[in-house]
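Biologist: Please take me through this entry and explain how each term is justified.

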Amino acid sequence: MPSHVPVPATESSVPPPPAPEPARGVDDGRRSVRFPRRPPGPAPLALLLAAGLWVYSLPRIGFREMGDYGLLDRLPAVYYLSLLVLTAGFVVSLRRAGTAPWWPAAHCAALLFALKAPPAVLYDAVRYPWASKHDAVVDTLLANGELRPGAALSGNMSAYDQWPGFFTLNAGLVRAFGVESAAAYANWAPIVFGLLLMPVLVLIYRTFCDDWRLIWTAVWIFQLANWVGQDYFSPQGLAYLLHLTVIAVVLRHFVRPGSAGRLRDRTFLDPAAAAVPPPTGKGQRAICVVILAPMIAAVNATHQLTPVMLCICLLALNLTRRYRNYGLLAVAALLMLTWDLTMGRPLFVETLATLKESIGELTQNSRAGYAGQLTGPGPELAGTANVLMVLTVAALAGAAVVLRRRLTRGALPLLLVSVAPVPLFAVNDYGGEMLFRVYLFALPGAAFFAAAALVPAVAGSRRSRVKALWRRTSAFVLLAVLLVLLAGFLPSYYGKERMFYTPPEETALVTRTLDNAPDGSLILATSGSFPQALHRYDRVEHWFFAEQELPENEKMLRDPARYLADGIPPGTRAYVILTRTQDVYAAGEGLLPAGGFQTLRSELSASPLFRTVESHPYGVVLEYRPDTAPSSRSVR
């Protein structure tokens, strides 16, 4: 037989020989092999069964009677059974992922609906009280017909006029749909964003992997690990979608000529690794920059933090020879600075002034929320599940980086993009949310490598007894791990649901009070986490007096009437709104000690400084009446 002479791998090398043929009737997850037509198998049946069980469970979800564990103990057993069947069907569908990738895709879409659609289908109020704040911005924009980025608006609402992209888009949608407000569709935002994210994630993962089993497993893990709740009706949800779209285009179309090197040699890579995308010349990359510029500008017009994350990720990609494109980085940075120094200048200058105190404060910057101590069975369980989910995904991803080093070589850019946001811990706490935002932006890459730890290499790789045993048992291990992640997602996402669902009666009380309050009135509440808290925010002022450290609130509770009266400017009409949702939030987030909210309500209701306007089991409205106070009272 003629001897084979190896040829050095170059950009113009002959394509590598195909991988060894899989055993007949076996799908290696990488490419389609012609077989006689077979029945669709159990995956479609499992999908239909899971859908039927889920639909059957919906009217049996007792969301109106939630207790200490949120929605967890109000979800019927058949709901949990539907998730179990769906997960098992997904694992089975991976067996033919290379020849029938639409079945894993259908299962991923079904998982998104199963996990996040119940509030959209069932709730008669906007999920997340703070989402109603975004609805209020849309309403105000429609009513006024203008943006006021330089106005000093109450409740830190000026930032929304400085980054108005999301709100102007939804103002147009409200008009186009002919609905009364964005609240009509706000609860569907997680499903819409999730469906739009799926092809973007597939495009990113497909850049580095040919194995459809691994790709769809990564998408599945991403959805299970995306418990942070930033895909709701918010600027972050839209900006995150645009951010990942830009990253996907860069990874596919910004490869520099001659930068792949040994990555063109299949023997140097993992059997599941994809070939490096074709290189593009300077002219092609320049055209791509022009195409991406409007999308990057849209990111800057939508959200404050996401442009920073995008620039950091592009900087990380510039550390590789493959994606060293200073032009795109310069354009992204220039667009960010231009927006920050014009429309976003007030908040940008304010943030710069605080950096002197926050830089280097890792412990403070990584805190979550105001008080940092979750209280109550549901919030405590959710907090524990959050930590365990992060550690589990990180451990799986770390194992893949170490054990599948040949895959990591090809996917190094994705790894760099994942770890790039971490240094922001050293800069700012972003209102107690930097921890969640860093996790969110690191999640796409973490999910990919976590999937790589669970999905074995294809049959054409080097064999050993350990690897052969791993391939035989991997499906069972994968199912077990996915069920563990599912068990972590549910308390993380629904364990604090009492804070997130508000009865319509409470919403009506707040709306009625704010509608009747004269312009310039001061609205007092423990926090802004209650429905319609910022309704008419351009006409009234706000003081969320319990959004501070717990010791200060304990001091406030010694004489709450005097504490509030001393903080109200003389001559100001003021109203105190205390609702059930505030009670749940203040207790669950540790803002007030046990029984503190009831003490606050009873003390204020009994004080001569305040007159009860309305009182209901779900809330009370008090009017500040300084004229009825004893004459010896001094006002600060």
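Biologist: Where is Tyr-128 found?

Modeller: Tyr-128 lies in the loop between helix H3 (102-122) and helix H4 (131-144). Helices (H or I, at least four residues) and strands (E, at least two) are DSSP runs, numbered from the N terminus. This is a predicted model, in which local features need pLDDT of at least 70 and side-chain atom pairs count only at 80 or more, while totals for chains, interfaces and linings use all residues. Residues are numbered from 1 along each chain as its sequence is written, and side-chain values use heavy atoms, with hydrogens and water left out.

Biologist: Why does Tyr-128 count as buried?

Modeller: Buried means under 20% relative accessible area, exposed over 50%, and partly exposed in between (1.4 Å probe, protein chains only). Tyr-128 has 6% relative accessibility, and therefore counts as buried. Its phi is positive, about 70°, although Tyr-128 is not a glycine.

Biologist: What makes Gln-532 buried or exposed?

Modeller: The relative accessible area of Gln-532 is 14%, so Gln-532 is buried. Gln-532 sits in the loop between E1 and E2, and its phi, near 60°, is positive in a residue other than glycine.

Biologist: How do the side chains of E2 point?

Modeller: His-542 and Phe-544 point to one face and are buried, whereas Glu-541 and Trp-543 point to the other and are not. In a regular strand the side chains alternate between the two faces of the sheet.

Biologist: What is the order of strands in the sheet?

Modeller: The sheet is open and has five strands in the order E2-E1-E3-E5-E4, with mixed pairing. Strand E2 (541-544) and strand E4 (610-616) stand at the edges because each has a single partner strand, so one side of each has no neighbour in the sheet. From one strand to the next, the twist averages 20°.

Biologist: How do you know that E1 and E2 pair?

Modeller: Two strands pair if DSSP finds at least two bridges between them. E1 and E2 have four bridges, in the parallel sense, and therefore they pair. Ala-525 stands opposite Phe-544 in E2. E4 and strand E5 (residues 619-624) run antiparallel and are joined by six bridges, and Ser-615 stands opposite Val-620 in E5.

Biologist: At what angle do H10 and H12 cross?

Modeller: The axes of helix H10 (residues 282-302) and helix H12 (residues 326-340) come within 10 Å and cross at roughly 30°. Axes are lines fitted to C-alpha atoms, for helices over the stretch in contact (heavy atoms within 4.5 Å), and angles run from 0 to 180 degrees between N-to-C directions. The contact residues include Val-289 and Leu-292 of H10 and Leu-328 and Trp-339 of H12.

Biologist: How do the residues of that contact of H10 with H12 divide?

Modeller: Twelve are nonpolar, one is polar and none is charged. Here Ala, Val, Leu, Ile, Met, Phe, Trp, Tyr, Cys and Pro count as nonpolar, Asp, Glu, Lys and Arg as charged, and the others, Gly among them, as polar.

Biologist: Where does pLDDT stay under 50?

Modeller: pLDDT, the predictor's confidence in each residue from 0 to 100, stays under 50 over residues 1-26 and over residues 631-636. Where pLDDT is low, the predicted coordinates should not be read in detail. The mean pLDDT of the chain is 86, and 87% of its residues reach 70 or more.
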